[in-house]
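Hi everyone, thanks for coming. I'd like to walk you through one structure today, going from place to place along the chain. Here it is on the screen.

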Amino acid sequence: AQRGAIRGPWRFGSRSVCAHLSRARDVDMPETTLLLSEEVREALDARRPVVALESTIIAHGLPRPRSLAVAEELESLVTDAGAVPATVAVLDGRARVGLDKHGMERIATDPAVRKFGHRDLAPALAAGASGATTVSATAFLAARAGIRVFATGGLGGVHREWTTAQDESADLRLLARTGITVVCAGVKSILDVPATLQRLETLGVTVLGYGTTHFPGFYLSSSGLPVDWTVRTPQEVADVMRAQRALGGPETALIVAQPVPEDEQLDPSLHDRVLAEALGECRERGIDGQAVTPFLLDLLVTRTGGASLEANLAAVRANVRLAARIAAAR
Ligand code: PSU
Ligand code: MN
């Protein structure tokens, strides 16, 4: 395919969008499909640091109405660190990279906002639907826009009942084929963490522990499992990103796993007790598919008296700050 070519009946509104999209391998995406906010487009043009943020955590991962304040806080953390935030979502059938205040409010407060993984994007766009994007959809759209760094809380992964339910988050497969650096606190501890790490190995996704020799445990600072590589500065992450690009080959994500600070983690014994209860209730109530993760996260918030929410927020805040520093490192 012609890189960056303008084809078909679509019209690209600006050359800069073409330039960013020319990173994409063989498909051109018209500007009407992927809308970059003015701020994000300018920053990418000027090669200033940009950090992508997902919206599922805002719409379905955190309790309302606090989620709106959190969404705004996360964007400010990026701005304070000298980078431009790009929260990703689908609104009225348009994939948006960078939301305005109204868009952010809709994601945080409108109960009709759905949860879109990567596979939901095409039908959502065709139907004119609105939804928050998970890690898989966010990483995809951010990479398409030319953004290299993305921050979230905990990735999706292999669920504990995977032998019977085959529930493995689409996050993993998408990250295996998308060139983006994802800063996270590991994978959500509601998952089968060893099985998820094994899948990441099989899929060829590089995992770096940030300031740790152990894979973080989302709400907990450590999952108890070792990581093969440890980095200690944003510059070291940027060096790995550069080496990854220099090597070429299939594009895969780089996972930067940063532990939630120990004094902000959830008490491990409380975590284990409450999680066991929540998993039991999820099974009894027959909750499945996309509903599993929001159900478990929400129940944990209630049963820990809000402590899991504080640990989740502490992890996300730290990840957003680190992502901004990585985006700024060359
Ligand atoms: N990180 C958080 N809270 C969340 C999520 C991540 O701190 O709610 C979301 C992400 O959007 C992730 C999704 O992609 O949970 C995983 O959902 P599932 O297991 O249905 O793939
Ligand atoms: Mn799932």
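Let's begin with L191, which sits in the loop between β8 and α10. Keep in mind as we go that this is a predicted model. Is L191 buried or exposed? L191 has 26 other C-beta atoms within 10 Å, and 20 or more is what it takes, so L191 is buried. Leaving out residues up to four places away in sequence, L191 touches G157, V158, H159, R160 and T196. For a sense of distance, take H214, which is 23 residues from L191 along the chain: the C-alpha atoms of the two are separated by 17 Å.

That same loop, between β8 (181–184) and α10 (193–203), also holds K188. K188 counts as buried, with 25 C-beta neighbours inside 10 Å. Setting aside neighbours within four places in sequence, the contacts of K188 are G154, G156, F218 and T293.

Now, K188 carries a label. In the UniProt record, an unreviewed entry, the annotation "active site" covers E54 and K188. So where is E54? Look at the loop between β2 (50–53) and α3 (56–61): that is the place of E54. E54 is buried as well, and here the count is 28 other C-beta atoms within 10 Å. Its contacts, again not counting residues up to four places away in sequence, are V88, T133, T134, V135, T138 and T152.

One of those contacts, V135, leads us to a second annotation. UniProt, again in an unreviewed entry, places the feature "binding site" at K115, V135, S169, A170 and D171. These positions span 57 residues in sequence, but no two of their C-alpha atoms are more than 13.1 Å apart, so they gather at one spot.

Let me zoom in on two of them. A170 lies in helix α9, and D171 is in helix α9 too. How many other C-beta atoms does A170 have within 10 Å? A170 has 17 of them, and with the buried class starting at 20 and the exposed class ending at 12, A170 is therefore partly exposed. D171, on the other hand, counts as buried, with 26 C-beta neighbours inside 10 Å. Beyond four places in sequence, A170 touches G117, H118, R119 and S136. For D171, on that basis, the list is T134, V135, S136, L155, G156 and G157. You'll recognise V135 there from the binding-site annotation.

On to the ligand. Ligand 1 is surrounded by 19 residues, and the closest are T56, G61, G153, G156 and S169. Which elements give two or more residues to that shell? They are α3, α9 (170–175), α13 (292–303) and α14 (307–328). The largest share, four residues, comes from α3. If you're thinking about the chemistry of the shell, by class there are five nonpolar, 12 polar and two charged residues. Two of the closest residues have come up before: S169 is one of the positions in the binding-site annotation, and G156 is in contact with K188.

Back to β8 for a moment, because I skipped over the strand itself. Both of its faces are covered: T181 and V183 on one side, and V182 and C184 on the other, are all buried. On one hand, three bridges join β8 to strand β7 (residues 149–151), and the two run parallel. On the other, four bridges join β8 to strand β11 (residues 254–257), also parallel. V183 is a handy landmark here, standing opposite A151 and also opposite V256 in β11.

Two last stops. In helix α2 (residues 38–45), the buried residues are V40, R41, A43 and L44. Seen down the helix axis, they fall within an arc of 165 degrees, so they line one face of α2. Just after that helix, R47 takes a positive phi of about 55 degrees.

Finally, R330, in the segment after α14. R330 is exposed, with 10 other C-beta atoms within 10 Å. Its C-alpha atom is separated by 36 Å from that of H159, 171 residues away along the chain. And H159, you may remember, is one of the residues that L191 touches, which brings us back to where we began. Thanks, everyone!

Definitions and conventions:
Residues numbered from 1 in each chain as written. Chains lettered and ligands numbered in written order. Predicted model: local features only at pLDDT ≥ 70, side-chain atom pairs only at ≥ 80, totals over all residues. Arc of directions from axis to C-beta. UniProt positions renumbered as here; feature names shortened; annotations may be inferred. Contact = placed C-beta atoms within 7 Å. Near = placed C-beta within 6 Å. Nonpolar A, V, L, I, M, F, W, Y, C, P; charged D, E, K, R; others polar. Pairing = 2+ DSSP bridges.
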